[in-house]
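Visitor: I'd like to take a close look at one part of this protein, please. Could you walk me through it side chain by side chain?

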Amino acid sequence: EPLGTSSFALIPADVVTVDDRLGRMVVSRSKSVVEAGPTYGAHEEVTPAFQERVRSHYGLVSGRGTLA
């Protein structure tokens with residue numbers, strides 16, 4: 001990726017749990033699934049269409065839950 005640019009990933013809260021004992025969040029998908037997920041740039045808007053792409057990528061039913 002070019003110098004000075006960043007991309008971010010949305011991970012649906014439906015696939016995340018909190019491990020209080022270890023003090024971390026745990027994603028119930030493999031690293032390769034997360035890495036292959038849709039990303040967006042710092043100056044891009046997260047639209048409803050993008051959110052649906054994210055939910056679809058993670059195998060979730062459309063329009064349920066929230067994104068973290």
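Visitor: Let's start from a charged residue: does R55 count as buried or exposed, and at what relative accessibility?

Guide: Happy to take you there. Please keep in mind throughout that this is a predicted model. R55 counts as buried, because its relative accessibility is 5%, and the cut-off for that label is under 20%.

What does the R55 side chain meet there? It forms a salt bridge with the side chain of D14, with 3.6 Å from N to O. R55 belongs to helix α2, while D14 sits in the loop between β1 and β2, so this pair ties together parts of the chain that are 41 residues apart in sequence. The two ends of the bridge have their own labels: R55 is buried, whereas D14, at 40% relative accessibility, counts as partly exposed.

Now for the helix that carries R55. Helix α2 covers residues 48-57, and its buried residues are F50, V54 and R55. Looking down the axis of α2, you would find these buried residues within an arc of 140°, so they line one face of the helix. On the face turned away from that buried side, α2 carries the exposed residues P48, A49 and S56. Part of the cover over the buried residues comes from strand β4, which is included in what lies against them. Just after α2, G59 takes a positive phi of about 70°.

The link between α2 and β4 can also be followed through aromatic rings. The structure has two aromatic pairs. In one of them, F8 and Y40 are tilted with respect to each other, with 5.8 Å from centre to centre and 40° between the planes. F8 lies in strand β1 (residues 7-9) and Y40 in strand β4 (residues 39-41), so this contact ties together parts 32 residues apart in sequence. F8 counts as partly exposed because its relative accessibility is 39%, while Y40 counts as buried at 18%. Y40 also pairs with F50, this time edge-to-face: the centres are 5.8 Å apart and the planes meet at 75°. This pair connects distant parts of the chain, with Y40 in strand β4 and F50 in helix α2, 10 residues apart. F50 is buried, with a relative accessible area of 8%. Taken together, F8, Y40 and F50 form one aromatic cluster.

You may like to set the R55 bridge beside its counterpart. How many salt bridges does a search of the whole structure find? The search finds two. Besides R55 with D14, there is K31 with E35, whose closest N and O atoms are 3.9 Å apart. K31 and E35 are four residues apart in helix α1 (residues 31-35), so about one helical turn separates them. K31 counts as exposed at 64% relative accessibility, and E35 is exposed too, with a relative accessible area of 57%. In sequence, then, the R55 bridge spans 41 residues, whereas the K31 bridge spans four within a helix.

Stepping back, where does α2 fit in the chain? Along the sequence the protein follows the pattern β-β-β-α-β-α, which comes to two helices and four strands. Of its 68 residues, 21% count as buried, and F50, V54 and R55 of α2 are buried residues. Among contacts between residues at least 6 apart in sequence, 57% join residues at least 24 apart. The accessible surface comes to about 5000 Å², with 53% of it belonging to carbon and sulfur atoms.

One more stop, on the strands that come before α1. β2 and strand β3 (residues 24-27) pair in the antiparallel sense over four bridges. One partnership to look for is D19 with R24, the latter in β3. The hairpin has four residues between its strands, and G23 takes a positive phi near 65° there.

If you return to R55 now, you can trace its buried side chain to D14 in the loop between β1 and β2, and then follow F50 of the same helix into the cluster with Y40 and F8.

Terms used:
Residues are numbered from 1 along each chain as its sequence is written. This is a predicted model: local features need pLDDT of at least 70, side-chain atom pairs count only at pLDDT 80 or more; totals for chains, interfaces and linings use all residues. Side-chain values use heavy atoms; hydrogens and water are left out. Rings of Phe, Tyr and Trp (its six-membered ring) pair if their centres lie within 6.5 Å; planes under 30 degrees apart count as stacked, over 60 as edge-to-face and the rest as tilted. Buried means under 20% relative accessible area, exposed over 50%, partly exposed in between (1.4 Å probe, protein chains only). A salt bridge is a side-chain nitrogen of Lys or Arg within 4 Å of a carboxyl oxygen of Asp or Glu. The arc is that of the directions from the helix axis to the C-beta atoms. Contact means heavy atoms within 4.5 Å. Accessible areas come from the Shrake-Rupley method with a 1.4 Å probe; for residues, only the protein chains shown count as cover. Two strands pair if DSSP finds at least two bridges between them.
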